[in-house]
Amino acid sequence: MNKILNFWAVVPAAGVGKRMNADRPKQYLELAGKTVIEQTLSGLLQANVFSAVAVAISPEDPYWPELEVAKHQLVITAPGGKERADSVLSGLKAIRNHANDDDWVLVHDAARPCLTTGDIHLLIDTLVNDDVGGILALSSHDTLKNVQDCDILGTMDRRLIWRALTPQMFRYGMLKTALEEAEGNPAVTDEASALELKGLRPKIVEGRPDNIKITRPEDLALAQFYMEQQ
Ligand code: CTP
Ligand code: MG
């Protein structure tokens with residue numbers, strides 16, 4: 001008999017948002033009447049597929065406990081770590097007693113509030129029978145240059161370059177092992193890179209371009225615009 005596969009979400013939300021240059025971490029800035037993280041979590045919860053959502057929060061974060069969503073029955077709070085990968089690993093550990101190794105985990109940045117239910121289902125439906133898993137990604141419309149000290153060294157083949165988004169969807173056991181083995185490696189800036197280091201080949205699934213990561217001040221207005229359009 002087939003074991004029932006569960007889906008889990010892990011949301012790294014323990015960053016300080018340095019590039020945003022605001023008075024608080026960017027996940028607590030206001031976006032369309034809620035905080036950014038509330039928008040992100042309500043998008044994940046609305047998809048109705050996750051057994052739980054583990055959110056990695058900095059232990060010094062005074063904002064999180066004030067939010068209603070922190071008490072949601074499907075939301076589990078985990079302690080954030082020094083780097084994003086540490087926060088993700090902490091989120092995985094928070095569900096270790098519930099998740100099976102073969103279960104799927106979707107890791108999604110708190111700073112990407114415009115993710116649609118459609119893209120969550122597209123990722124899941126495309127990869128659910130895959131051995132490794134994969135990520136939402138975007139192709140590049142611009143011509144891409146290889147540059148050193150402002151000198152162009154060459155033009156890259158655009159067809160070979162994709163921009164990594166989140167969610168990134170991998171098997172619980174495989175992802176946890178890959179992140180543990182890669183601990184402290186600065187090259188691991190997303191989940192896929194931890195699996196690539198093991199010689200595995202995660203897939204890409206083309207996502208929507210409005211799934212932006214709020215990084216700099218101007219991104220907030222853009223996210224607001226996208227949310228209104230959706
Ligand atoms: N993140 C995390 N733990 C860290 C660092 C980042 O959980 N130690 C989370 C952020 O909260 C964010 C996501 O990872 O949701 C993507 O990271 P990024 O956009 O770089 O956010 P910040 O690190 O907060 O921003 P900055 O790099 O500008 O400081
Ligand atoms: Mg960062």
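Contact means that heavy atoms lie within 4.5 Å of each other. This report describes a predicted model, in which local features need pLDDT of at least 70, side-chain atom pairs count only at pLDDT 80 or more, and totals for chains, interfaces and linings use all residues. Residues are numbered from 1 along each chain as its sequence is written, chains are lettered from A and ligands numbered from 1 in the order in which they are written, and side-chain values use heavy atoms, with hydrogens and water left out.

**Two buried residues and their contacts**

Gln27 is found in the loop between strand E1 (7-12) and strand E2 (30-31); helices (H or I, at least four residues) and strands (E, at least two) are DSSP runs, numbered from the N terminus. Leaving aside residues up to four places away in sequence, Gln27 touches Ala13, Ala14, Gly15, Thr35, Val36, Ile37 and Ala110. Gln27 counts as buried because its relative accessibility is 5%; buried means under 20% relative accessible area, exposed over 50%, and partly exposed in between (1.4 Å probe, protein chains only).

Gly133 belongs to strand E7 (residues 133-139) and is likewise buried, with a relative accessible area of 0%. Its contacts, again not counting residues up to four places away in sequence, are Trp104, Leu127, Met169, Phe170, Pro202 and Lys203. From C-alpha to C-alpha, Gly133 and Gln168 are 8.0 Å apart in space, although 35 residues separate them in sequence.

**One face of helix H3**

Leu127, a contact of Gly133, is also one of the buried residues of helix H3 (residues 117-127), together with Asp119, Ile120, Leu123 and Ile124. Seen down the axis of H3, these buried residues fall within an arc of 130°, so they line one face of the helix. The arc is that of the directions from the helix axis to the C-beta atoms. An α-helix has 3.6 residues a turn, so residues three or four places apart point the same way.

**Backbone features**

Thr166 and Pro167 are joined by a cis peptide bond, with omega about 5°. Pro167 lies in strand E10 (residues 162-171).

Two residues other than glycine have a positive phi. The table sets out their phi, place and relative accessibility.

| Residue | Phi | Place | Relative accessibility |
|---|---|---|---|
| Asn21 | near 55° | loop between E1 and E2 | 69%, exposed |
| Asp149 | about 50° | loop between strand E8 (145-148) and strand E9 (151-155) | 71%, exposed |

Asn21 thus shares the loop between E1 and E2 with Gln27, but Asn21 is exposed, whereas Gln27 is buried.
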